[in-house]
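Work through the exercises below with the structure open. Each task is followed by a stepwise solution.

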Amino acid sequence: MTQAYQNYIDGQWTDASDRARTSNLNPANTREDLGTFPSATRADAARAIDAAQRAFPSWARTPMPQRGEILTRAADWMHARRDEIGAALTREEGKTFAEARGEVARGVSILRYYAGECLQPTGEVYPSAGAATFLFAERVPLGVVGLITPWNFPCAIPTWKMAPALAYGNTVVFKPAEITPLTAWYLVSAFEQAGLPPGVLNLVVGRGSQAGQELVENGQVKAISFTGSNQVGTRLAATVAQRGGKAQLELGGKNPIIILNDADIARAVELTVQGAMLSTGQKCTATSRAIVTREVANDYRDALAARVKQLRVGDGMQSDVYMGPLVSADAEKTVLEYIALGKNEGARLVTGGEKLRGGEFENGFFVAPTIFDNVTPDMRIAQEEIFGPVVSVLQARDIDDAIALANHTRFGLSASVVTRDLNLALRLIREIEAGVIHINSMTAGAEPHVPFGGTKASSSGLREQGKAAREFFTEWKTVYVDPL
Ligand code: NAD
């Protein structure tokens with residue numbers, strides 16, 4: 001019998017008011033059902049918000065070091081179960097076990113980092129015009145915050161929102177993506193086991209248009225931290241702004257790797273493959289455009305095609321698999337539509353391009369790793385986020401052209417440059433429009449203690465992670481103390 005999971009509201013595991021349940025199916029093998037999950041309604045989300053509102057005064061007064069200890073205990077609980085949580089993540093999302101386990105380890109590091117932040121200064125003392133005035137400004141929590149997250153990093157993204165939100169004294173209602181609720185269940189269980197008081201962290205599993213919309217519209221929710229698609233994010237931010245709330249958006253990307261004449265081609269190929277094919281290309285920071293200078297374009301394309309043909313695709317629980325399935329039937333349909341579109345637009349399919357069928361692929365959402373070349377800058381496959389294992393190779397005439405091509409998109413999340421030339425690297429760091437730049441490493445990858453986010457249409461609002469997260473999850477209170 002499959003397990004029936006519940007929402008977590010006010011410290012209680014509880015059914016949704018709507019009795020409908022959704023099965024959580026393994027995208028590598030849809031015959032495997034990982035359990036059924038509730039479909040939280042707006043009323044359930046409103047109850048969770050009320051519980052978080054009631055819990056706020058006491059949590060905000062809880063000494064920060066004590067909050068930090070709870071984060072440490074949650075980290076210990078997750079670390080002890082990293083294999084179990086990693087396997088659950090692979091089975092519900094599809095990425096390989098090595099990547100999933102790495103993601104859980106990253107969640108643990110994030111929790112430990114913010115436990116450490118609980119011992120850092122919370123404000124600043126200023127000189128005052130008054131001779132005896134003690135003038136200081138302190139960062140104070142906002143109140144109830146709503147966290148709305150996507151399915152592609154079901155452990156890391158919720159953790160990098162939840163850890164600072166809780167550390168800085170907010171209470172939380174967490175609405176994970178409806179297709180990856182099991183990892184969310186583990187995360188919330190970690191805090192339950194760590195002794196977090198009731199109501200401080202609430203979980204509502206359900207559709208964005210129901211539970212999510214309540215978080216967006218409910219005036220008790222002071223801030224929304226959202227990661228997901230541009231379409232949902234920009235609409236949601238307008239609603240939150242209209243009611244005076246605060247919103248932070250992390251959205252899509254169309255990230256380039258730029259390969260210059262002096263690049264080591266084998267290294268450039270490896271970085272392209274890692275950036276584009278790990279997590280089956282379903283990272284906001286995935287490499288989706290390869291911009292290569294003309295002199296090395298053919299060598300690079302041939303080496304890339306040869307390497308991509310070797311990649312083993314399959315169930316991410318098998319240790320020799322490099323790339324797992326796409327997350328869902330919808331995701332598979334979208335990726336196949338973009339591949340068809342690329343062919344119609346006149347790009348040349350170098351390798352891949354088809355759904356994998358039969359045998360181990362029969363009950364999963366597997367698409368072959370795909371490379372297009374002869375891609376021109378205005379083709380839709382060079383402009384739109386595909387969110388799958390598809391790379392568009394564009395040729396650049398020279399450095400100026402490479403920079404222009406890199407910036408010729410509405411997105412600006414991450415970019416990677418492969419070169420040994422320090423002067424060129426420094427120029428590209430200055431001129432490429434991206435929130436995160438990698439020199440000689442892949443476009444994906446973000447360490448937990450530094451700011452993360454994009455520019456242009458990839459992000460809006462304050463940055464996430466590191467000390468930057470404090471800006472979003474707190475506000476200033478300025479205090480003048482004078483003697484009588
Ligand atoms: P999505 O926008 O479909 O869903 C994200 C979340 O929003 C889900 O929890 C969903 O239920 C919720 N939602 C949907 N409609 C809503 C509504 N009306 N009100 C409130 N909530 C609503 O995105 P997705 O398909 O889960 O994720 C993929 C997208 O996320 C890609 O575009 C990817 O680039 C982006 N992403 C960005 C980053 C980043 O840091 N920039 C990281 C990971 C993913």
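**Exercise 1. Describe the second largest pocket by volume, lining and origin.**

Solution.
- Step 1: start with size. The volume of the second largest pocket is about 310 Å³. The model is a predicted one.
- Step 2: find the lining. It counts 17 residues, and Arg106, Phe153, Lys283, Ala444 and Gly445 lie nearest the centre of the pocket.
- Step 3: sort by class. The lining of this pocket holds 8 nonpolar, 4 polar and 5 charged residues.
- Step 4: trace the elements. Helix α4 (residues 97-117) gives the most to this lining, with 4 residues.
- Step 5: trace the domains. Domain 1 (7-251 + 459-481) and domain 2 (255-439) each supply at least three residues of the lining of the second largest pocket.

**Exercise 2. Locate the ligand: which residues are closest, and which domains give residues to the shell around it?**

Solution.
- Step 1: list the surroundings. The ligand is surrounded by 28 residues, the closest being Glu178, Ser229, Leu251, Cys284 and Glu385.
- Step 2: class the shell. It divides into 15 nonpolar, 9 polar and 4 charged residues.
- Step 3: assign domains. Both domain 1 (7-251 + 459-481) and domain 2 (255-439) give residues to the shell, so the ligand lies between them.

**Exercise 3. Find polar side-chain atoms that approach the ligand, then state how much of the ligand is covered.**

Solution.
- Step 1: take the oxygen atoms of the ligand. A polar side-chain atom of Glu385 lies 2.6 Å from one oxygen atom. For Glu178, a polar side-chain atom lies 2.7 Å from an oxygen atom of the ligand.
- Step 2: take nitrogen. A polar side-chain atom of Gln213 is 3.0 Å from a nitrogen atom of the ligand.
- Step 3: read the cover. On its own, the ligand has 850 Å² of accessible area, and the protein covers 88% of this.
- Step 4: name the elements. α7 (208-217), β10 (221-227) and α8 (230-242) are the elements that give two or more residues to the shell around the ligand. The largest share, 4 residues, comes from α7.

**Exercise 4. How many cavities of 30 Å³ or more does the structure hold, and what lines the largest cavity?**

Solution.
- Step 1: count. There are 4 cavities of 30 Å³ or more.
- Step 2: size the largest cavity. Its volume is about 100 Å³.
- Step 3: list its lining. The largest cavity is lined by 15 residues; Gly281, Ala286, Ser288, Glu385 and Phe387 lie nearest its centre.
- Step 4: class them. The lining of the largest cavity has 6 nonpolar, 6 polar and 3 charged residues.
- Step 5: cross-check with the ligand. Glu385 is among the residues nearest the centre of the largest cavity, and Glu385 is also one of the residues closest to the ligand.

**Exercise 5. Describe the second largest cavity.**

Solution.
- Step 1: give the volume. The second largest cavity contains about 70 Å³ of space.
- Step 2: give the lining. Of its 15 lining residues, Pro256, Arg289, Phe411, Gly412 and Glu433 are the closest to the centre.
- Step 3: name the elements. At least two residues of this lining come from each of β12 (255-259), α13 (399-407), β17 (411-412) and β18 (414-418).
- Step 4: class them. The lining of the second largest cavity has 7 nonpolar, 5 polar and 3 charged residues.

Key. Residues are numbered from 1 along each chain as its sequence is written. This is a predicted model: local features need pLDDT of at least 70, side-chain atom pairs count only at pLDDT 80 or more; totals for chains, interfaces and linings use all residues. Side-chain values use heavy atoms; hydrogens and water are left out. A residue is near a molecule or strand if one of its heavy atoms lies within 4 Å of it. A polar contact is a pair of N or O atoms within 3.5 Å; within protein, one must be able to donate a hydrogen and the other to accept it, and residues adjacent in sequence count only if both atoms are side-chain atoms. Accessible areas come from the Shrake-Rupley method with a 1.4 Å probe; for residues, only the protein chains shown count as cover. Ala, Val, Leu, Ile, Met, Phe, Trp, Tyr, Cys and Pro count as nonpolar, Asp, Glu, Lys and Arg as charged, and the others, Gly among them, as polar. Domain bounds come from an automatic or database domain assignment. On a 1 Å grid over the protein atoms alone, a cavity is a set of points where a 1.4 Å probe fits but cannot get out, and a pocket is an open set with protein on both sides within 12 Å along at least five of seven lines; lining residues have an atom within 4 Å of a point. Grid points are joined across faces, edges and corners, and a volume is the space filled by probe spheres set on the points.
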